[in-house]
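Grab a coffee and open the viewer. Here are a few short exercises, each with a worked solution.

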Amino acid sequence: MSSAADTADPANAPAPAQARPQTGRPSPAGRRSLGWLFALAIAAAAFNLRPVVTSLGPLLDQVRADLGMSPTVAGLLTAVPSLCFALFGFAAPGLARRLGPVAVVAAGMGAITAGVLARSFAGGTAVFLLLTSLALAGVAVANVLIPVVIKRYFPEKVGPMIGLYSMALSAGTALAAAVTVPLTSALGGDWRLGLGVWAALGALALLLWIPALLTRRQGAGGPSQGQDAGVKLPITRSRTAWALACFFGCQATGAYVVMGWLPKIFQDAGVSEGTSGVLLALTMVIGVPVSFVLPNLAARRGDQRLFVVVLASFGIAGYLGLAFAPAGAPWLWAVLVGLSNCAFPLVLTMIGLRARTAGGVAQLSAFAQGVGYLISIPGPILIGRLYQATGEWYLPLGFLALLLVPQMLFGLRAARARHIEDEAVPVQAAAAA
């Protein structure tokens, strides 16, 4: 029987609640620190998602000459990004269910860094293509899973975080396109240094994702790792998912055509090579501020149909201006086309809003981007064939303007305030009902 003295003895007294070890979520200050870490990691990753492509274009002639690359293989390089984004993007949800989305994005940053660095040492065309594909595989899984990380760790800030992601992606795209040639010249004119230097940015992003990977189980305001990840939806049953995929494919077609052909369109109208390059950079730079603001505005509305119509209207006006008076107001046409290409951050925002859970976003993101990039593959090739057949830009630009009509229709369907979980009901749940 215990005595009163025993009970009063501090050694026998139960530890106060505040002295017990904390095994749950981190403190508010800790959560804020984790939030900043993930935000910086997301921005750094997004910045690395396009230089692997846009740094190559300005140096492609040097790469072809040095590696003995045939024109056919060089043309194939224009389709490789979309093909890799589609194929590896489809694999991303399965990898995320097995390893977690943070781990897969971290591995993606490693693949980008290794592929970009190693291809600058490639001695032949086959090795160069293989290592470029490795980097593009990293881009593909990050494309799909960064919206998932945002949904999981910033569920109340999807719009602002998609805005940060889109702005960083646009900035990386524009910077690589604008500075690769002068940077290569400053490094002695060797294309290998001009391409390989971009691996440094990938390494910096990887350094941010490693601590994010180590701390992910503590959570940053989101659910624990693996929650809801195991529920596999029959995504093809969702009309919203198909609408998003087709909307994504239409906007990606326009974006890749612009990146590949816009300088040529201006040059054929008498605009100098230097000015045409600046005009292309303008179409990408205009997306930097808009990509930050647009997702915030879109996420605040119940649906995003207004933005779908406005962006498509900008594109129709821009393409018609390029067709009938390309040298008349080239800066205006470049701005309008650049604004139209901001359908990309809009569709990313809608992907984040059209699913209730991080697992749903993973499956929707993979489906919409995978199918969408497959849809976009023929676009730049078709535009080149139309131009080759006619020798003029009326028909190709008319096709791009016309393509914005189905883009608008699919976008209007995808922009409604719906959730794919209500349309793509798992088979076992449907049977039980």
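A salt bridge here is a side-chain nitrogen of Lys or Arg within 4 Å of a carboxyl oxygen of Asp or Glu. Keep in mind that the model is predicted.

**Exercise 1. Work out how Asp-268 and Lys-264 are paired, and where the pair sits.**

Solution. Start with the distance: the closest N and O atoms of Asp-268 and Lys-264 are 3.3 Å apart. The cut-off is 4 Å, so the pair counts as a salt bridge. Next, find the two residues along the chain: both belong to helix α11 (residues 239-268), four residues apart, which means about one helical turn separates them. Finally, check exposure, where partly exposed lies between 20% and 50% relative accessible area. Asp-268 comes out at 37%, so this residue is partly exposed. Lys-264, at 32%, is partly exposed too.

**Exercise 2. Which parts of the chain does the salt bridge between Asp-422 and Arg-356 tie together?**

Solution. First, the contact itself: Asp-422 and Arg-356 form a salt bridge with their closest N and O atoms 2.8 Å apart. Then place each partner: Asp-422 is in helix α20 (residues 420-423), while Arg-356 is in the loop between α16 (343-353) and α17, so the bridge links parts that are 66 residues apart in sequence. As for exposure, Asp-422 has a relative accessible area of 47% and is partly exposed. Arg-356 is also partly exposed, with 47%.

**Exercise 3. Find the network that Arg-418 and Glu-423 belong to.**

Solution. Begin with the pair: the side chains of Arg-418 and Glu-423 form a salt bridge, 3.9 Å from N to O. Arg-418 has 35% relative accessibility and is partly exposed. Glu-423 is partly exposed as well, at 21%. Now look for shared partners: salt bridges join Arg-413, Arg-418 and Glu-423 into one network. For the whole model, the count is six salt bridges.

**Exercise 4. How do helices α12 and α13 run relative to each other, and what does their contact consist of?**

Solution. Take the geometry: the axes of α12 (residues 273-285) and α13 (residues 287-300) come within 6 Å and cross at roughly 15°. An angle under 35 degrees counts as roughly parallel, so α12 is roughly parallel to α13. Now list the contact residues: Thr-283, Met-284 and Val-285 come from α12, and Gly-287, Val-288 and Pro-289 from α13. Sorted by class, this contact has four nonpolar, two polar and no charged residues.

**Exercise 5. Do the analysis for helices α17 and α18.**

Solution. The axes of α17 (residues 358-376) and α18 (residues 378-390) come within 5 Å, crossing at roughly 15°. These helices are therefore roughly parallel to each other. In the contact, α17 supplies Leu-374, Ile-375 and Ser-376, and α18 supplies Pro-378, Gly-379 and Pro-380. The class tally for α17 with α18 is four nonpolar, two polar and no charged residues.

**Exercise 6. Check the span and burial of helices α6 and α10.**

Solution. Helix α6 (residues 101-119) has 19 residues, and its first and last C-alpha atoms are 26 Å apart, close to the expected 27 Å. Then burial: 14 of the 19 residues of α6 are buried, so the helix is mostly covered. Helix α10 (residues 199-215) has 17 residues and reaches 25 Å, close to the expected 24 Å. Among the residues of α10, Ala-199, Gly-202, Ala-205, Trp-209, Ala-212 and Thr-215 are buried.

Definitions and conventions. Residues are numbered from 1 along each chain as its sequence is written. This is a predicted model: local features need pLDDT of at least 70, side-chain atom pairs count only at pLDDT 80 or more; totals for chains, interfaces and linings use all residues. Side-chain values use heavy atoms; hydrogens and water are left out. The expected span of a helix is 1.5 Å times one less than its number of residues. Buried means under 20% relative accessible area, exposed over 50%, partly exposed in between (1.4 Å probe, protein chains only). Axes are lines fitted to C-alpha atoms, for helices over the stretch in contact, and angles run from 0 to 180 degrees between N-to-C directions. Angles under 35 degrees count as roughly parallel, over 145 as roughly antiparallel, 65 to 115 as roughly perpendicular and the rest as oblique. Contact means heavy atoms within 4.5 Å. Ala, Val, Leu, Ile, Met, Phe, Trp, Tyr, Cys and Pro count as nonpolar, Asp, Glu, Lys and Arg as charged, and the others, Gly among them, as polar.
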